[in-house]
Amino acid sequence: MAYEFEAIRSSQEIFYYLLEHHELCEEEEPLLYKAYAEQEEVQNLVKSQGEIADCNVERYGNVIYLIPKEENNFLGFSKAQLKSVLCKSNATDKDYYLSQFVILTLLVEFYDGQGSSSKSREYIRVGELQNSISERLKEGAGNSLEEEEKAGIAFSNMLEAYEALKSDEKGSRARTTKEGFLYYILTFLQKQGLVEYVEQDEMIKTTKKLDSFMDWNLLNQNNYKRVLRVLGVTEDE
């Protein structure tokens, strides 16, 4: 299929903007947004460039996002990079998977995958999140080894890593404490524009970016049930 020069140029401008900013808002770039939203040729060209760059280009509401695929270590994060950012210096795989479990738990606390919007609450306190993580880990570790293997996650190993972290009611930022461990995960998510972490109030809120992404993806019941199975949560909980 032959494309007009203007369509090709517009698609290149849009994709370069996405590479630089990771998202394109209608309010900030109305002409580029309009070209993508209203011209099928431009949209197809942008998505094609995204595929070549191992990314998905998705429009949620009035924002277009560039979303790196799971194995995209160039535009996304590798396991080693995430481990370095989220965990202590001598972190093991147990620590890394625990950090991912914390993020999954946070998502399930905010989103239930039901109704016109998957969001079920406006905020959560850090202490409440910490209690939820502990409870879910203990529940999962209480299952048999066969049940853990079926869920596809080693709860016992993650619980061991979590309990190895010290507790500090003064809100330590040391990565060897539970509070510090959560602090670096939350600040990382905030830097990615996914949560708003109000330290002085120990409060976590989600951003419009995360809400939009979860509404389009978590409301897919297959995805939602998969997350619940990983966390060991029953549907009627």
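The following paragraphs describe the overall make-up, the two sheets, the packed helices and selected residues of a predicted protein model.

Because the model is predicted, local features were considered at pLDDT of at least 70 and side-chain atom pairs at pLDDT 80 or more, whereas totals for chains, interfaces and linings use all residues. Residues are numbered from 1 along each chain as its sequence is written, and side-chain values use heavy atoms, with hydrogens and water left out.

The protein contains eleven helices and six strands, these being DSSP runs numbered from the N terminus, with helices of type H or I and at least four residues and strands of type E and at least two. Of its 237 residues, 41% are buried, where buried denotes under 20% relative accessible area, exposed over 50%, and partly exposed the range in between, for a 1.4 Å probe and protein chains only. The exposed surface of the protein amounts to about 13,800 Å², of which carbon and sulfur atoms supply 46%, as computed by the Shrake-Rupley method with a 1.4 Å probe. When contacts (heavy atoms within 4.5 Å) between residues at least 6 apart in sequence are considered, 54% join residues at least 24 apart.

One open sheet has three strands in the order S1-S3-S2, with antiparallel pairing; strands are taken to pair if DSSP finds at least two bridges between them. S1 and S2 occupy the edges with a single partner strand each, so one side of each lacks a neighbour in the sheet. The twist from one strand to the next averages 15°, with axes fitted as lines to C-alpha atoms, for helices over the stretch in contact, and angles taken from 0 to 180 degrees between N-to-C directions. Helix H1 packs on this sheet and touches S1, S2 and S3, its direction making about 110° with that of S1, while helix H2 (residues 30-38) lies across S1, S2 and S3 at about 100° to S2. Strands S2 (residues 55-60) and S3 (residues 63-68) run antiparallel and are joined by six bridges; in S3, Leu-66 is the bridge partner of Val-57 and Tyr-65 that of Glu-58. The hairpin of S2 and S3 has two residues between the strands, and Gly-61 adopts a positive phi near 65° there.

A further open sheet comprises three strands in the order S4-S6-S5, again with antiparallel pairing. Strands S4 (124-125) and S5 (195-198) stand at the edges, and because each has a single partner strand, one side of each is left without a neighbour in the sheet. Four bridges connect S5 with S6 (residues 203-206) in the antiparallel sense, and Val-195 has Thr-206 of S6 as its bridge partner. Helix H5 lies across S4, S5 and S6 and runs at about 75° to S6. This helix (residues 93-110) has 18 residues and reaches 26 Å from its first C-alpha to its last, close to the 26 Å expected at 1.5 Å a residue, the expected span being 1.5 Å times one less than the number of residues. Since 13 of the 18 residues of H5 are buried, the helix is largely enclosed by the rest of the structure.

Two residues other than glycine have positive phi values, namely His-22, near 70°, and Asp-54, near 60°. His-22 is located in the loop between helix H1 (5-21) and strand S1 (23-25) and is partly exposed, with a relative accessible area of 39%. Asp-54 is located in the loop between helix H3 (40-52) and S2 and, at 30% relative accessibility, is likewise partly exposed.
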